[in-house]
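Here is a protein structure to explore at your own pace. Have a look around, and then we'll go through a few of its features together.

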Amino acid sequence: MASPSSTLRQRGGQKEKKQMDGKADHADAYLDNVIGSTKKVVTPEWDYKIALLIITILSFITRFWGISHPNEVVFDEVHFGKFASYYLQRTYFFDVHPPFGKLLFALMGWFVGYDGHFLFDNIGDSYIANKVPYVAFRAMPALMGALTVPTVFLIMWESGYSLPAAVTAAGLVLFDNAHIGQTRLILLDATLVFFMALSVLSYVRFYKFRHEPFGRKWWKWLLLTGVSMSCVISTKYVGAFTFFTIGCAVLIDLWDLLDVNRKGGALSMPTFGKHFAARAVGFIVVPYFFYLFWFQVHFSILYRSGPGDDFMTPEFQETLSDNAMAASAIDIQYYDTITLRHKETKVYLHSHADKYPLRYDDGRISSQGQQVTGYPFADTNNHWQILPPQPFGEDNQLGHAVKNGDLVQLRHLVTNTMLLTHDVASPFYPTNQEFTTVSLDLAAGERHNDTLFEIRLEQGKAGQQFKSVSGHFKLVHHPTKVAMWTHTTPLPDWGYKQAEINGNKNVQQSSNVWFVEEIPSIPADSPRRVKETRKPKHMPFLKKYFELQRAMFFHNNALTSSHPYASQPFQWPFLLRGVSFWTQNETRQQIYFLGNPVGYWIASSLLAVFAGIVGADQLSKRRGIDALDERTRSRLYNSTGFFFLCWAAHYLPFYLMGRQLFLHHYLPAHLASTLVTGALVEFVFNAEPIIEDETVLTKKDDLRKKVPAKARKAFQKASERLKGQSMLATWAASGVILAVTIWGWWFFLPLTYGKPGLTIEQVNARKWLGYDLHFAK
Amino acid sequence: MAATHDAFTTGKDDGDLRRRNIQTHEKANGGMVYKIEAEDTKKLQKKSNLVAFLDEWEFVIAPLIFTALAFFTRMWRIGLSPIVTWDEAHFGKFGSHYLKREFYFDVHPPLGKMLVGLSGYIAGYNGSFEFKSGERYPEELNYTSMRVFNAFFGAVCIPLAYFTARELNFKRPTVWLVTLMVLCENSYATISRFILLDSMLLCFTFTTTLCWARFHRLQKESFSPEWFFWLFLTGLSIGCVCSVKWVGLFCTALVGLYTVEDLWNKFGDLKMPKVELASHVAARVVGLIVVPMLVYMFSFYLHFLILENSGPGDAQMSSLFQANLRGTEVGKNSPLEVAYGSKATLKNMGYGGGLLHSHVQTYPEGSNQQQVTCYHHKDANNDWFFYPNRDHMDFNPETADVKLVANNDVIRLIHAQTGRNLHSHTVPAPVTKADNEVSCYGNTTIGDDKDHWTIEVVNDAVSSDYSKIRTLTTAFRLRHTVLGCYLRAGNVNLPQWGFKQIETTCVKENKPKDVYTHWNVEAHWNDKLPPGEAKNYKSPFLRDFIHLNVAMMTSNNALVPDPDKQDDLASQYWQWPILNVGLRMCSWDDNTVKYFLLGNPIVYWGSTASLGAIALLILWYLIRWQRGYEELSQHDIDFIHYSAIYPVVGWFLHYLPFVAMARVTYVHHYYPALYFAILSAGFVMDWTTQKLGRRVRWSVYILLYAAVIGLFVLFKDIVFGMQGSHQQWRYLKWFDSWRIVDQ
């Protein structure tokens with residue numbers, strides 16, 4: 001587009017910048033001086049440190065207390081415990097979540113020397129009887145959960161909030177029954193929430209070093225942010241929301257760096273490029289490689305064939321050792337006798353001498369040809385001979401391999417007839433073609449074309465060898481282009497309740513896939529059966545990764561089945577519904593996964609207050625009324641606004657998701673909402689109605705008067721910012737909030753820790769919003 | 001910096017100067033918007049009088065030529081195919097219902113289909129044809145004129161596009177390009193040639209865009225008569241587009257966004273008197289909310305007015321509505337108020353609710369008592385007697401005096417065919433285990449107080465007196481007197497043992513708003529009472545309107561694709577902007593005239609690319625601005641703002657919902673979005689060629705004109721109909737996914 005001509009004037013101007021640089025140099029030296037002196041003056045914030053210590057101790061107590069109860073499999077421990085066992089047994093499995101969180105459990109099991117013999121099959125299975133070191137497993141998420149609370153405290157501290165604000169935020173997480181409940185069990189969310197909090201903390205630290213770009217600490221926190229975010233997304237894909245949150249902040253930051261009238265002086269384009277590149281590497285490239293790394297670990301641990309094989313392509317399965325498929329695959333040659341099996345319903349292609357009835361119940365008419373059906377059991381009627389369209393010479397029949405894309409005929413051995421399909425409606429589907437067989441004479445003569453089928457291997461290359469077991473294929477009729485298909489509705493009595501075989505016009509459908517299970521015509525001692533001990537094949541990592549990634553996304557979207565305790569996103573901030581995790585009838589004990597309603601309602605209502613404050617500020621500003629001073633507004637928008645964005649980004653996308661959702665999906669968003677709560681408690685009880693302009697500010701603080709503009713931009717601790725203000729109101733508010741939160745936590749505690757058992761009255765007293773608790777009668 | 005920002009967005013400073021020039025031009029040309037560069041005019045005037053004349057009257061001549069061409073492309077050989085093509089099967093049938101005046105139900109609002117009906121009326125069609133897909137039209141049905149009526153809407157789009165492009169401040173070559181892109185868009189031309197709603201939808205989308213653009217241009221003349229005229233015209237267009245299909249709401253959203261931005265700017269203008277600000281808001285509320293609502297409701301009013309006979313859609317409506325249809329049994333000679341001893345049928349008031357039913361078959365599990373269900377078919381098993389409770393065992397329906405059933409009465413309901421009482425107990429219901437089972441038990445003498453039900457009147461459609469139960473109009477709930485649960489029939493079907501009828505249960509939660517627990521008396525027989533008068537059964541329009549709209553929404557959401565059955569015709573959102581897929585509109589054998597719904601490649605690809613180009617362009621200027629280059633004048637910024645950003649936003653609004661939507665989607669869902677993409681393409685061409693010399697610019701444009709026209713001509717047969725073997729058009733199959741020929 002139009003290139004800048006000489007007439008263009010640049011805003012800000014170069015000259016000015018130079019001057020500012022000079023000023024800045026001068027100021028820097030001065031600033032160092034000032035900072036040096038403040039360091040001596042400012043207290044080392046002992047109050048924060050003591051609070052942090054107390055909170056950490058409490059959080060370890062709340063997370064670890066009674067962790068061995070119940071000694072039975074609870075809720076989704078079924079899945080994640082099982083996955084850990086698979087890792088320890090090194091058998092391949094498939095799951096929709098990335099491997100990091102699950103690998104941590106495996107690591108824990110490996111530390112305590114567990115061999116992974118127990119597969120966590122049912123909720124309520126005893127750990128004691130099965131000798132599972134479940135406390136070690138549970139200690140891992142509990143540790144993460146316990147560390148989450150001090151992380152929240154540190155976020156508030158590092159962001160420069162006052163002590164009561166930080167205590168409020170941390171307290172809301174500390175005494176939240178949902179956080180406690182979810183982190184004491186073998187589940188992924190503790191890891192997820194902890195690293196999500198760590199990402200926010202690292203980013204806040206990184207941002208605080210913005211005045212020392214490319215310094216050692218700047219790099220350190222940049223990379224730590226990236227790695228933490230990578231851990232979030234390597235645990236569950238909701239980590240993408242964390243990327244979005246931090247990404248928004250980074251983009252705004254970059255936009256400000258680009259500004260030619262930037263306070264610290266305009267950056268040159270190469271410098272800006274460096275900033276951009278550093279963030280691209282730290283926030284995108286490094287996390288992605290780290291994410292890939294876990295997949296590499298995943299693949300190298302799981303080298304044995306296991307329950308996940310079926311989700312993968314045959315090429316992938318051949319990379320796994322003891323894979324049944326790879327072991328028994330034999331090249332198929334013409335004139336071999338084969339049995340064909342349907343991949344989904346596992347029926348064999350079958351035929352017998354009976355004919356289709358002339359007329360079906362609905363009045364349609366058949367060809368009265370020989371029946372071709374699907375039969376689930378082994379039988380000689382399942383044997384078919386695979387023939388070339390034009391017979392080879394008598395002496396030249398053996399040794400011709402069948403290849404992908406070949407046209408073949410299939411002869412039914414017992415009745416000596418040839419498989420065929422034609423434009424006659426099938427018994428159940430008027431739109432699908434009937435399969436039948438015809439005599440060899442007809443098959444060689446006028447019906448020859450109708451007996452021709454094409455072997456289409458799934459993901460096959462042209463001319464690829466057609467193998468038994470591993471060669472998944474579609475049998476496509478050559479003249480009419482329908483694929484052989486079957487389904488689960490059995491035929492009526494005339495078909496002996498066997499499965500219907502018909503020609504499906506929709507060739508693409510994945511249920512058209514068949515495989516050759518056996519080649520009975522090959523004698524047991526034939527050299528074709530002899531296999532040299534096969535080494536698992538190699539497949540490039542990236543190819544494996546992309547295949548798995550695709551399968552994960554596909555199956556994640558397919559998770560739409562309903563669950564009795566699934567909930568809707570709108571229910572979460574109000575805590576309208578929990579999830580029943582575990583019950584025990586004898587002791588009337590139950591674990592009902594539920595947040596602390598008091599804490600949830602406080603946090604959610606303060607989110608609304610924040611939206612209200614911002615809305616009111618925007619409206620009044622638009623009308624020329626400035627109710628907030630610049631610093632307060634900047635804090636409200638940049639810091640609290642960031643927390644609010646974090647909440648929205650971790651919450652709102654769930655409205656667009658079609659899959660089943662549970663309350664625990666709200667945990668990251670809840671953590672963000674406690675940050676907003678803490679910040680707002682301070683804002684509401686300390687916001688000064690007086691409009692502070694620069695002069696007032698400088699009068700207030702002697703030190704600041706001497707500090708030039710840039711120094712004033714430097715980070716300000718809460719104690720400096722709120723100097724001279726009474727914190728009494730804030731402390732009081734925070735105390736009240738904490739008191740009611742602790743009461744709510746205490747009240748719902750038996751449902752979270754699973755003990756003690758409750759009487760009917762006690763259960764009913766806790767059915768606040770019609771929570772569907774057990775043992776209410 | 002924030003201060004400068006504000007100044008830019010209010011658009012107040014140097015834009016004024018430039019604007020004034022435009023206004024003088026406008027006056028010189030008889031009030032029409034007219035803007036060309038002054039230097040061009042001078043040069044042209046020197047050349048010759050003819051050219052000057054053409055130049056001066058371009059705004060009349062060009063649209064006339066384009067419109068003539070439009071009528072040609074939309075109507076030539078329009079009657080060639082004498083068979084019911086594609087969705088003509090639906091919309092033709094709906095049109096027939098208007099001619100037969102039979103009530104039907106469909107997911108789309110009525111305006112478009114009423115227009116189809118009108119076209120049939122003009123063609124002298126009596127509504128007797130069934131419009132079966134692929135069937136040949138009968139001799140007496142003049143389908144050609146019905147199609148011409150539809151094609152008219154399609155043809156009108158071309159002049160609309162022309163004037164819209166002018167209102168968006170595009171230069172003359174761009175205006176022509178945009179018009180040509182709409183004119184020579186094969187998919188627009190094809191879809192306009194059949195009895196479908198899409199040509200109307202497109203037409204009203206185009207009028208809305210034009211009115212919005214014109215209204216924006218009049219921003220400086222607020223409250224002038226012309227300003228009001230275009231404001232109300234915008235409202236009218238919005239009303240029409242929403243009354244054709246609900247996708248019109250996306251168009252409404254575009255105008256809505258514009259209005260919000262406009263008002264936000266005015267809100268920030270502290271110099272504007274508060275009264276003026278308030279009148280701005282009021283004008284827009286009236287023009288852009290009230291007027292469209294009235295249009296939308298008026299279309300439904302006409303719908304109800306025309307469809308006065310009972311028809312296939314009755315069951316979707318309330319009993320009260322049905323009673324007002326001619327030829328219906330509902331409400332015939334029924335006494336108005338229900339008394340003890342009355343025989344009646346009870347209808348569930350939920351959407352698609354049936355009649356309370358019982359039959360001699362018993363539940364195979366639970367209590368093993370007689371089944372109670374909800375059933376749509378009308379038979380004698382739906383009849384129930386209202387009986388007093390067991391405290392009045394001496395009640396004899398023959399002899400007792402007439403006593404009306406009142407609100408909060410405790411009653412029994414006795415099944416007329418089997419003589420058993422409607423009963424409930426703490427046995428779990430067969431499917432919805434959380435609820436109590438409802439059965440039929442005992443007889444008039446045998447039984448217990450679990451046969452007792454309390455009537456709770458919820459509301460009454462025509463009367464504010466809730467003390468009595470009136471046939472059809474009173475909605476009431478039946479509370480089980482002992483257990484406190486409510487009689488409910490949801491949408492759950494029983495297994496085969498219950499003949500797939502709707503499960504009827506007693507639900508423990510008291511939710512007064514749950515319409516599935518609301519019942520009304522549909523048929524009512526009582527010899528002792530006089531038959532009610534028809535005027536008592538007037539159904540209020542608003543209630544029917546809301547009921548029908550909710551029913552439409554519910555069934556629209558139910559149009560989800562069946563994952564097991566892949567539809568050959570359906571396509572996915574990502575395929576549309578890249579023209580990955582076309583659509584066969586009819587059978588593909590050699591004897592049918594075949595139509596293939598596929599766009600003009602250069603229009604599709606060019607318009608899609610221009611969306612990306614605009615994004616890059618804006619990013620470029622933003623970064624340049626942040627780096628301190630002020631290379632755009634206020635005029636340029638306004639141009640980008642209203643002629644690039646708004647069309648792109650319009651495209652997103654019309655496109656993104658289909659990405660999120662779970663329902664089956666087809667290529668024609670993209671057509672409204674395509675128009676906004678075409679406008680974006682116009683902007684990109686206009687912007688990139690502004691620095692070029694006149695000669696170069698015109699040659700670029702002439703090349704583009706030639707490409708657009710050339711491709712249209714190349715693909716003309718898929719628009720005008722392909723006769724004979726499809727193999728003749730093998731050369732048009734550029735990609736495997738364009739299924740113009742097999743294989």
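What follows is a short tour of confidence, cores, a strand and some cysteines.

## How far to trust it

Keep in mind that this is a predicted model. Chain A has a mean pLDDT of 84, with 88% of its residues at 70 or more. Residues 12–25 of chain A are another story: pLDDT there is below 50, and the model gives this stretch 5 contacts beyond near neighbours in sequence. Residues 34–41 of chain A also stay under 50, and they have 3 contacts beyond four places in sequence. Where pLDDT is low, the predicted coordinates should not be read in detail.

## The nonpolar cores

In soluble globular proteins, nonpolar side chains tend to be buried together. Here, the largest nonpolar core has 158 residues, and the members that touch the most others are A:F120, A:F137, A:F153, A:M156, A:F581 and A:F643. Helix α9 of chain A (residues 189–208) supplies the largest share of this core, with 12 residues.

Try zooming in on A:F643. Leaving out residues up to four places away in sequence, A:F643 touches A:I155, A:M156, A:S159, A:Y161, A:V200, A:A672, A:L675 and A:V676. Another core, of 151 residues, lies apart from the one around A:F643, and it includes B:L177, B:L196, B:Y675 and B:M685.

## A covered strand in chain B

Now hop over to strand β1 of chain B, residues 343–348, where 5 of the 6 residues are buried. Which strands does β1(B) pair with? One is β4(B) (residues 384–388), antiparallel over 2 bridges, with B:A344 partnered by B:W384. Another is β12(B) (residues 519–525), also antiparallel, over 5 bridges; here B:K343 stands opposite B:W525.

## Cysteines, bonded and not

A disulfide is a covalent bond between the sulfur atoms of two cysteines. Counting over all chains, the structure has 1 disulfide. B:C485 and B:C506 form it, with their sulfur atoms 2.0 Å apart. The torsion about their S-S bond is about 95°, so the disulfide is right-handed. B:C485 sits in the loop between β9 and β10 of chain B and B:C506 in strand β11, so the bond ties together parts that are 21 residues apart in sequence. Both B:C485 and B:C506 are buried.

B:C157 is in no disulfide, and the nearest cysteine sulfur, in B:C203, is 4.9 Å away. B:C157 is buried, with a relative accessible area of 4%. And why is B:C211 not bonded to B:C240? The sulfur of B:C240 is the closest cysteine sulfur to that of B:C211, but at 9.8 Å it is too far for a bond. B:C211 is buried too, with a relative accessible area of 3%.

Definitions and conventions: Residues numbered from 1 in each chain as written. Chains lettered and ligands numbered in written order. Predicted model: local features only at pLDDT ≥ 70, side-chain atom pairs only at ≥ 80, totals over all residues. Heavy atoms only, no water. Core = buried A, V, L, I, M, F, W, Y, C linked by side-chain atoms within 4.5 Å. Buried < 20%, exposed > 50% of the residue type's maximum accessible area, 1.4 Å probe, protein only. Helix = DSSP H or I, 4+ residues; strand = E, 2+ residues; numbered from the N terminus. Contact = heavy atoms within 4.5 Å. pLDDT = per-residue confidence, 0-100. Pairing = 2+ DSSP bridges. Disulfide = S-S within 2.5 Å.
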